[in-house]
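Hi,

Here is the structure I promised to pass on. Have a look at it first, and then read on for what turned up.

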Amino acid sequence: MKILISNDDGYQASGIEALYEALKDLGQVEVIAPQQNNSAKSNALTLHSPLSVNRAANGFRYVNGTPADCVHIALTGLLDYRPDLVVSGINNGANMGDDTIYSGTVGAAMEGFLFGIPSIAFSQVEHNWLHLDSAARKVRELVQSMHQKQLITPAPFLLNVNIPNLPYEQIGSPKLCRLGRRHAAESVIQQKSPRGETMYWIGAAGAVKDDAEGTDFHATAQGHISITPLKVDLTDHDHLGYWAQSVSRLSMASPTAQCP
């Protein structure tokens, strides 16, 4: 099995080191990760400046770009083979509910999925890397089991996995979940620079809004690992009929009309 590992916390993060150690003997494993922390970069690609790739003393390669950059260049020329699996993480903090839209961890895995490769994003629920060794053991078990049961095939999938920060023996069985929801983010934080200019910091993520049974928030709160299959199609299929009627009623300009 050929495995490509990336993340959004950077190539020196404890999470990616633990992930590599957990998977390194399951096959041919390569690490290509951002040089700096790139949390909340989602699927961003660097289009207007060049990217460089360097190799660290531990053999990891790092890129002066985003998580998606790392996977993209790996799959479009840096590697001379096609990985069987792309794994991102282990992230320092949860990626549940609305977090998945912004997550660089999920973004790296999604880039693999867009190239038709099975991909998994792994995160710990709480920040601070507490019980990281336990999370890494669970990651290994999941990947190894999926490989043995022939679930890692050429058919692509995208899984988002969150693991509670608990001792190994206290982590519950995996639960298949839907994404929960958060309230809107908290207000922006304003500060003054030494020159008197107003600066802004993005506010904290909103509190949990939907943590009902069946969501990733609920499963992890009960000590279970949450597994959520994701897709890229953002089409609102439930409301296509509504918009079909609404658009037909819009007063559209003639194709030959010229704007002033």
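Let me start with a pair of helices: H2 passes H4 in a right-handed crossing. Before going further, please keep in mind that this is a predicted model.

The axes of H2 and H4 come within 7 Å of each other and cross at roughly 20°. That angle makes H2 roughly parallel to H4. On the H2 side, the contact is made by Pro67, Ala68, Val71, His72 and Leu75. Facing them from H4 are Gly104, Gly107, Ala108, Glu111 and Gly112.

H2 itself covers residues 67–78, and its buried residues are Pro67, Ala68, Asp69, Cys70, Val71 and Ala74. What do these buried residues pack against? Helix H4 (104–114) is one of the elements, and the others are the strands S1 (2–6), S2 (28–34), S4 (61–63) and S5 (85–92). As you follow H2 along, it may help to recall that an α-helix has 3.6 residues a turn, so residues three or four places apart point the same way.

Now the whole chain, to put that in context. It has seven helices and 13 strands, and its C-alpha trace spans about 65 × 45 × 45 Å along the principal axes. Of the 260 residues, 46% are buried. If you take the contacts with a separation of 6 or more, 75% of them are between residues 24 or more positions apart.

Next, the sheet. Nine strands form an open sheet with mixed pairing, in the order S3-S4-S2-S1-S5-S6-S7-S13-S8. Which strands stand at the edges? They are S3 (53–55) and S8 (172–176); each has a single partner strand, so one side of each is left without a neighbour in the sheet. From one strand to the next, the twist averages 20°.

Two of the pairings are worth tracing on screen. S1 and S2 pair in the parallel sense over four bridges, and one bridge joins Leu4 to its partner Glu30 in S2. S1 is mostly covered, with four of its five residues buried. The other pairing is between S5 and S6 (residues 119–124), which is also parallel and runs over five bridges. There, Val87 has Ile120 of S6 as its bridge partner.

Two residues in these strands deserve a stop. Is Glu30, in strand S2, buried or exposed? Its relative accessible area is 14%, and the cut-off for buried is under 20%, so Glu30 counts as buried. Its side chain makes a polar contact of 3.0 Å with the side chain of Arg61. Leaving out residues up to four places away in sequence, Glu30 touches Ile3, Leu4, Ile5, Arg55, Arg61, Leu79 and Tyr81.

The other is Phe122, in strand S6. At 1% relative accessibility, Phe122 is buried as well, under the same 20% cut-off. Beyond its neighbours within four places in sequence, Phe122 is in contact with Val87, Ser88, Gly89, Ile90 and Asn91, and also with Thr105, Val139, Leu142, Val143, Val161 and Ile163. How far is its C-alpha atom from that of Gly15? The two are 107 residues apart along the chain, and the separation is 9.5 Å.

Gly15 brings us to helices again, as it is among the H1 residues that meet H5. The axes of H1 and H5 (residues 132–148) come within 9 Å and cross at roughly 45°, which makes H1 oblique to H5. This crossing is right-handed. From H1, Ser14, Gly15, Ala18, Leu19, Ala22 and Leu23 take part, and they meet Leu132, Ala136, Val139, Arg140 and Val143 in H5. Val139 and Val143 are also on the contact list of Phe122.

Finally, how do the helices sit on the sheet? H1 (residues 14–23) lies across S1, S2 and S5 and runs at about 140° to S5. H4 lies across S1, S5, S6 and S7 (158–163), at about 170° to S6.

Over to you now.

Cheers

Methods
Residues are numbered from 1 along each chain as its sequence is written. This is a predicted model: local features need pLDDT of at least 70, side-chain atom pairs count only at pLDDT 80 or more; totals for chains, interfaces and linings use all residues. Side-chain values use heavy atoms; hydrogens and water are left out. Buried means under 20% relative accessible area, exposed over 50%, partly exposed in between (1.4 Å probe, protein chains only). Helices (H or I, at least four residues) and strands (E, at least two) are DSSP runs, numbered from the N terminus. Contact means heavy atoms within 4.5 Å. A polar contact is a pair of N or O atoms within 3.5 Å; within protein, one must be able to donate a hydrogen and the other to accept it, and residues adjacent in sequence count only if both atoms are side-chain atoms. Two strands pair if DSSP finds at least two bridges between them. Axes are lines fitted to C-alpha atoms, for helices over the stretch in contact, and angles run from 0 to 180 degrees between N-to-C directions. Angles under 35 degrees count as roughly parallel, over 145 as roughly antiparallel, 65 to 115 as roughly perpendicular and the rest as oblique. A crossing is left-handed if the near helix is turned anticlockwise from the far one by less than a right angle, and right-handed if clockwise.
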